[in-house]
Amino acid sequence: MRVTHAYRICDLVLASNTALPELTPAKAFGAECRFELLPPGNAPAGDAEWFHQWTIGGDGEEEESREVWLRFARTGDGYLLRFPSCGDFLVSADAARIQCRPLPGTPGVTVRHLLLDQVMPLVLSRRERIVLHASAVVTGRGAVAFAGKTGQ
């Protein structure tokens with residue numbers, strides 16, 4: 001992988017072969033994690049042990065009738081996160097390498113969103129960082145914070 005960029009995300013330096021304009025550039029290339037954007041293509045055939053999935057659909061629908069949004073698998077050397085409509089992210093067991101093979105036609109902004117909002121929380125938690133699924137808003141009377149379970 002030819003590294004052309006380095007960024008800070010939380011207290012981690014992430015090297016990348018593609019621009020990630022949503023992140024702050026790092027001043028040093030002492031990367032602890034590497035992201036590689038691969039050419040678009042179909043999902044590779046291989047051994048994957050599927051263990052979890054997130055689905056979307058209206059309330060009251062049976063699980064089997066809901067659309068799969070994300071599937072998780074263990075592979076021989078880490079994890080596979082498959083977004084069926086967007087592509088695959090492979091994360092090494094030590095969370096030091098991330099590769100993405102987007103499906104043809106997947107916009108770059110979508111790849112970046114999935115990397116930053118879905119894959120990086122997994123990477124950070126695998127590196128024993130505390131990761132919270134939360135948000136907050138400021139009102140006229142103060143701030144209100146919301147925390148939720150993964151996938152909510």
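## F83 and its partner W69

F83 is buried in this predicted model. Its relative accessibility is 2%, and the cut-off for buried is under 20%. W69 has a relative accessibility of 29%, so this residue counts as partly exposed.

The two rings form a pair. Their centres are 5.5 Å apart and their planes stand at 85 degrees, so the W69 and F83 pair is edge-to-face. An angle over 60 degrees is what earns that label. The contact links distant parts of the chain. W69 sits in strand β6, while F83 sits in strand β7 (residues 78–83), 14 residues apart.

## W54 and F72

By the ring-centre rule, there are five aromatic pairs. One of them joins W54 and F72. Here the ring centres are 5.3 Å apart and the planes meet at 70 degrees, so this pair is also edge-to-face.

W54 belongs to strand β5 (residues 49–56) and F72 to strand β6 (residues 67–75), so the pair ties together parts 18 residues apart in sequence. Both W54 and F72 are buried.

## The ring cluster

Ring pairs connect six residues into a cluster: F51, W54, W69, F72, F83 and F89. Both pairs described above, W69 with F83 and W54 with F72, involve members of this cluster.

## Arginines over rings

Two arginines sit over aromatic rings. R74 places its charged end over the ring of F51, 4.1 Å from the ring centre. F51 is also a cluster member. R71 lies over the face of W50, at 4.0 Å from the centre of that ring.

Key. Residues are numbered from 1 along each chain as its sequence is written. This is a predicted model: local features need pLDDT of at least 70, side-chain atom pairs count only at pLDDT 80 or more; totals for chains, interfaces and linings use all residues. Side-chain values use heavy atoms; hydrogens and water are left out. Rings of Phe, Tyr and Trp (its six-membered ring) pair if their centres lie within 6.5 Å; planes under 30 degrees apart count as stacked, over 60 as edge-to-face and the rest as tilted. Helices (H or I, at least four residues) and strands (E, at least two) are DSSP runs, numbered from the N terminus. Buried means under 20% relative accessible area, exposed over 50%, partly exposed in between (1.4 Å probe, protein chains only). A charge sits over a ring if NZ of Lys or CZ of Arg is within 6 Å of the ring centre and within 35 degrees of the ring normal.
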